[in-house]
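I am opening a notebook on a structure that I have not looked at before. My plan is to go from the whole chain to single residues, and to write down what I look up as I go.

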Amino acid sequence: MVQQNTTTKLEVNKVKIEFTDKEITAYGGYSLLAKFFDKIALRKELDNIIGVKESSPNATGIYAKIIGFILILFAGGERFSHLLYLGSKESLAKLFKIKRLPQASTTLTRLFNKILSTEKVACALWEYTSKLLPWQALQKDWLSFDSTVIERYGAQEGAKKGYNPKKHGRPSHHPLIAFLNKNKYVINFKNRDGNVSCSYNVCDFFKETLERIQDKICIEGILGDSGFYDEAFIEMLENADKTYIIAARLYWPLQRKIYSLKDWQPVDDGIDIAEFTFTHQAWSKERRYIAVRQNIEQRKQAMGKQMKLFENECKQYRYSVWIASSKEAAYDVWLRCRQRANDENTIKELKEDFALGGFCLQKFAPTEAAMLVRVFTYNLFTLFRTVVMQQKEKIERLKTLRYKYFVIPAQFGRRGRHYVLRISTPWQGIKQKFAQLFANINQWVINNHGNCNAFG
């Protein structure tokens, strides 16, 4: 290791290598986040939301710790130890107007380990988020419900062997997620043990989700993956007079019904669609189903599953089936179902850009609390992208915008009595873009009055 006072001369290709003690950060673009967080009064809210009391006079502070955690996510971190990604933190501390950022990952793990119950944290985070979302601009959307599997590689609480399509037998957590299909905001999130069934607790989860958006937005209908293919859940939707389209599980009786269908209508090359009514033996009544089959010889990326019961007879097809109360034509229902690909993209974004599967602690409640903060950060980023970015960037993911706007070298200094962050860029376009983005934040008016006639 080269010491600062070394007399050894370092040189590469006739370029001398020297050291400086000036405050330099790789994240000059975090100034946009600092301005945005100041606009939404994040500091004022976070201390009350987390609900952890600190007694030490030398404590870093709740806001500083959560900001440190959020900045790790924007830097691409997936573990608490990735706090090191932030490098020298003095300039970032000044930028976000805090005494200091956490220096060690244990500072963050100790904070989350103090959270013994997540119910209040979840409610408080959503209450704050709902005040920020532009409900009047959202107007209407489909509400999507999905579940996902998060593999774990230890003996963490709640990490148990259950349904795992990719890594069979691997312990996991099995969270539920509710979000707006088109606008992509996550409305509700609940972690679960890995060994529970896909439909476990979905009715309570739905009720809680609906209460959160009551009178705020018009819900056109409910979209659900096969984990919500449960008659108790479907009956609850029907009693609430909610339109629904839910992916059906290909149980053997349903496979027999599909195999017996003769009236398949071609809708595209290698794609046929059929409509029928069906009831499982233990279900109370017949309901409408839409089936789509895709020929794997004509469509190399055919979607759906093969029917195992008729593997030889139907080996050239993959099938997708939905139960639907929608009054739309079968083809239109299928087009609506295709929009669920947007739901998969939302989950992918949560996992890949906001490390939904990372930052795991030993206890269940702290792990869920850290997940809730990451979902909250995802909503903030989605809001930031919507109200601050230009049109073509409103759909770009964090991993793209990270290197366009956030990871930009900058030097921290002073001019008289004022601090100055000098962002390093030779391109005039970046300077103009930053000026416009700061202006967008300044001009944005937070409208926290929901659409009171949404359910009229």
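The entries below begin with the overall model and then turn to one pair of helices and to several single residues.

**Entry 1: the model as a whole**

I note at the start that this is a predicted model, so I looked up its confidence before anything else. The protein averages a pLDDT of 90, and 96% of the residues score at least 70. I then asked where pLDDT stays under 50, and I found that this is the case over residues 450-456, for which the model has 16 contacts beyond four places in sequence. Where pLDDT is low, the predicted coordinates should not be read in detail. I therefore leave those contacts as a count and do not interpret them.

For the general build, I found 15 helices and 16 strands in the protein, and I read the span of the C-alpha trace along its principal axes as about 85 × 55 × 45 Å. Of the 456 residues, 51% are buried. The protein exposes about 23,500 Å², and carbon and sulfur atoms supply 48% of that area. When I took the contacts with a separation of 6 or more, I saw that residues 24 or more positions apart account for 66% of them.

**Entry 2: helices α1 and α15**

I next looked at two helices, α1 (residues 30-39) and α15 (residues 428-443), and asked at what angle their axes cross. The axes come within 10 Å and cross at roughly 10°. Because angles under 35 degrees count as roughly parallel, I describe α1 and α15 as roughly parallel to each other. On the side of α1, the contact is made by Ser31, Leu32, Lys35, Phe36 and Lys39, and on the side of α15 by Phe434, Leu437, Phe438, Ile441 and Asn442. I sorted the residues of this contact by type, and they divide into six nonpolar, two polar and two charged.

**Entry 3: two neighbours in strand β12**

In strand β12 (residues 271-278) I picked out Asp272 and Ile273, which lies in that strand too. Is Asp272 buried or exposed? Asp272 has a relative accessible area of 13%, and it counts as buried because the value is under 20%. Leaving out residues up to four places away in sequence, I found that Asp272 touches Trp264, Gln265, Pro266, Ala291, Val292, Arg293 and Tyr317.

Ile273 is buried as well, at 6% relative accessibility. With the same sequence neighbours left out, its contacts include Asp263, Val267, Ile290, Ala330, Tyr331 and Trp334. I also looked up the pair Ile273 and Tyr331, which are 58 residues apart in sequence and 7.4 Å apart in space, C-alpha to C-alpha.

**Entry 4: Leu350 in helix α12**

Leu350 is found in helix α12 (residues 341-353), and at 1% relative accessibility I record it as buried. Which residues is Leu350 in contact with, leaving aside its neighbours within four places in sequence? I found Ile177, Val186, Ala355, Leu356, Val375 and Tyr378. For Val375 I noted the spacing too: its C-alpha atom and that of Leu350 are separated by 7.4 Å, with the two positions 25 residues apart along the chain counted as their separation.

**Entry 5: Tyr419 in strand β16**

Tyr419 lies in strand β16 (residues 418-423), and with a relative accessible area of 48% it is partly exposed. Beyond residues up to four places away in sequence, Tyr419 touches Lys94, Phe412, Gly413 and Arg414. I looked up its spacing from Trp334 as well, and the C-alpha atoms of Tyr419 and Trp334, 85 residues apart along the chain, are separated by 57 Å.

**Entry 6: two residues with a positive phi**

Most residues other than glycine have a negative phi, and most peptide bonds are trans. With that in mind I looked up two residues.

Phi of Lys14 is near 65°, a positive value in a residue other than glycine. Lys14 lies in the loop between β1 (10-12) and β2 (15-17), and with a relative accessible area of 78% it is exposed.

Asp241 has a positive phi of about 60°, although it is not a glycine. I located Asp241 in the loop between α9 (231-239) and β10 (244-247), where it is exposed, with a relative accessible area of 68%.

Terms used:
Residues numbered from 1 in each chain as written. Predicted model: local features only at pLDDT ≥ 70, side-chain atom pairs only at ≥ 80, totals over all residues. Heavy atoms only, no water. Axes fitted to C-alpha atoms, helices over the stretch in contact; angles between N-to-C directions. Helix = DSSP H or I, 4+ residues; strand = E, 2+ residues; numbered from the N terminus. Parallel < 35°, antiparallel > 145°, perpendicular 65-115°, else oblique. Contact = heavy atoms within 4.5 Å. Nonpolar A, V, L, I, M, F, W, Y, C, P; charged D, E, K, R; others polar. pLDDT = per-residue confidence, 0-100. Buried < 20%, exposed > 50% of the residue type's maximum accessible area, 1.4 Å probe, protein only. Areas by Shrake-Rupley, 256 points an atom, 1.4 Å probe, with all protein chains shown as cover.
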